[in-house]
Amino acid sequence: MKYNRYAVFGGDERFEVLANLLAGEGANVISVLQEGSSLHPDVFRCDLPTALSISDVLILPLPVSTDGTHLNAPVGNLPLSDIVAQCDSEKVILGGKIPGWFVSECKVKGIRCEDYFEREEFQILNVIPTVEGAIEIAMRETKTTLHGMTVLVTGYGRIGKLLTYYLRNMGVNVYCSARKPSDLAWIKAYGYSGLTYDRLAYMAGSFDLIINTVPEVVITKEVIAALKPQTLIIDLASKPGGVDFAAAIAKGIKTVHALSLPGKVAP
């Protein structure tokens, strides 16, 4: 089946860019709950009922929702349940990090629902603007060069792998924490200093900067208590993040919870 009528919902600036790309290729594009200050003149704005009645494909943002129940959109407050309730089996829904209950309801109604964030190549390439954005924040929020700093990166997943590589090539003294023995072995093989999480509090006083990529609290109050007052923490993990923010505030440690960086630095 050929699809030519797309409704692009909410999201950050990436989804305005997407709407413009589709319109530029001759598709019929509908914008729903987007600010749209730079939308292509051929992109049609409309409400949900109209969008659902005239579109073939619904493209939802990344993440689809930040609270699990409402669409992630710069304007409006649309419950996700309204979308699935008003869709029929002729529609295709695409989204990033789609809540499980939404996928289940689509399946019950026979609606094809695909999560594009599950594509490995997407996640790998999405790391690049995330890492560049984290480095930009570090440069802006500190008063010295990153070159020569001692930096801890927590987690050696996709983001951790590329971030440690970039930092090392900027002359940073890189530490990286991980749980898996195989990750710790790769960290050692690449010439970084590896740490297990039970060693973080012991080493915390050495770090000028900590960048967290782990979506659970690994920068605990014990770790924060041992930090230098001028240490900067950048948390890249999804909410609620991997930092005990209350402990950081109590000690006066500067923290930046940097979410959805690709949409902010390289839409």
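Contact, as the word is used here, means that heavy atoms lie within 4.5 Å. By that criterion, and leaving out residues up to four places away in sequence, isoleucine 234 in this predicted model touches Ala134, Ile137, Ala138, Leu209, Ile210, Ile211, Asn212, Val256 and Ala258. Isoleucine 234 is also among the residues with the most contacts inside the largest nonpolar core, together with Leu146, Leu167 and Leu209. That residue will serve as one point of reference, but the chain as a whole should be introduced before its parts.

The chain has 267 residues, of which 47% count as buried, and its secondary structure consists of eleven helices and twelve strands. The C-alpha trace spans about 60 × 35 × 35 Å along its principal axes. Among the contacts in the chain with a separation of 6 or more, 51% are made by residues 24 or more positions apart. The accessible surface comes to about 13100 Å², and carbon and sulfur atoms account for 54% of that surface.

A good place to begin is the open sheet of six strands, in which the pairing is parallel and the order is β3-β2-β1-β4-β5-β6. Its edge strands, each of which pairs on one side only, are β3, at residues 44-45, and β6, at residues 112-115. Within the sheet, strand β1 (residues 5-9) runs parallel to strand β4 (residues 57-59), and three bridges join the two. One residue of this pairing can be picked out by name, since tyrosine 6 has valine 57 of β4 as its bridge partner.

Helix α1, residues 13-24, packs on this sheet and touches β1, β2 (28-32) and β4, with a direction that makes about 165 degrees with that of β1. The helix has twelve residues and reaches 17 Å from its first C-alpha to its last, which is close to the 16 Å expected at 1.5 Å a residue. Which residues of α1 are buried? They are Arg14, Phe15, Glu16, Ala19, Leu22 and Ala23. An α-helix has 3.6 residues a turn, so residues three or four places apart point the same way. The buried residues of α1 pack not just against β1, β2 and β4, but also against α5 and α11 (261-265). Just after the helix, glycine 26 takes a positive phi of about 95 degrees.

The largest nonpolar core, with 27 residues, draws on another set of elements. Those that give two or more residues to this core are α5 (120-141), β7 (150-154), α6 (158-168), β8 (173-177), β10 (209-212) and β11 (232-235). Of these, α5 provides the largest share, six residues. A second, separate core has 23 residues, including Val64, Val84, Cys87 and Cys113.

Helix α5 also holds glutamine 123. Is glutamine 123 buried or exposed? Glutamine 123 counts as buried because its relative accessibility is 15%, and the cut-off for that class is under 20%. Apart from its neighbours within four places in sequence, glutamine 123 is in contact with Phe117, Glu118 and Arg158.

Several backbone details in the loops deserve a careful look. Most residues other than glycine have a negative phi, and most peptide bonds are trans. Leucine 33, which is not a glycine, nevertheless has a positive phi of about 55 degrees. This residue sits in the loop between β2 and β3, and leucine 33 counts as partly exposed because its relative accessibility is 25%. Beyond its neighbours within four places in sequence, leucine 33 is in contact with Gly10, Leu71, Ala73, Pro74, Val75, Gly76 and Leu78. Its C-alpha atom is separated by 14 Å from that of tyrosine 6, and the two residues are 27 residues apart along the chain.

Lysine 97, again not a glycine, likewise has a positive phi of about 55 degrees. Lysine 97 lies in the loop between β5 (92-95) and α4 (100-109), and with a relative accessible area of 38% it is partly exposed.

The chain also contains cis peptide bonds. One of them joins leucine 62 and proline 63, with omega at about -5 degrees, and proline 63 lies in the loop between β4 and α3 (80-85). Another joins lysine 239 and proline 240, with omega at about 5 degrees. Proline 240 is placed in the loop between β11 and α10 (245-251). Strand β11 is among the elements that give two or more residues to the largest nonpolar core.

Technical notes
Residues are numbered from 1 along each chain as its sequence is written. This is a predicted model: local features need pLDDT of at least 70, side-chain atom pairs count only at pLDDT 80 or more; totals for chains, interfaces and linings use all residues. Side-chain values use heavy atoms; hydrogens and water are left out. Two strands pair if DSSP finds at least two bridges between them. Helices (H or I, at least four residues) and strands (E, at least two) are DSSP runs, numbered from the N terminus. Axes are lines fitted to C-alpha atoms, for helices over the stretch in contact, and angles run from 0 to 180 degrees between N-to-C directions. A nonpolar core is a set of buried Ala, Val, Leu, Ile, Met, Phe, Trp, Tyr and Cys residues joined through side-chain atoms within 4.5 Å. Buried means under 20% relative accessible area, exposed over 50%, partly exposed in between (1.4 Å probe, protein chains only). The expected span of a helix is 1.5 Å times one less than its number of residues. Accessible areas come from the Shrake-Rupley method with a 1.4 Å probe; for residues, only the protein chains shown count as cover.
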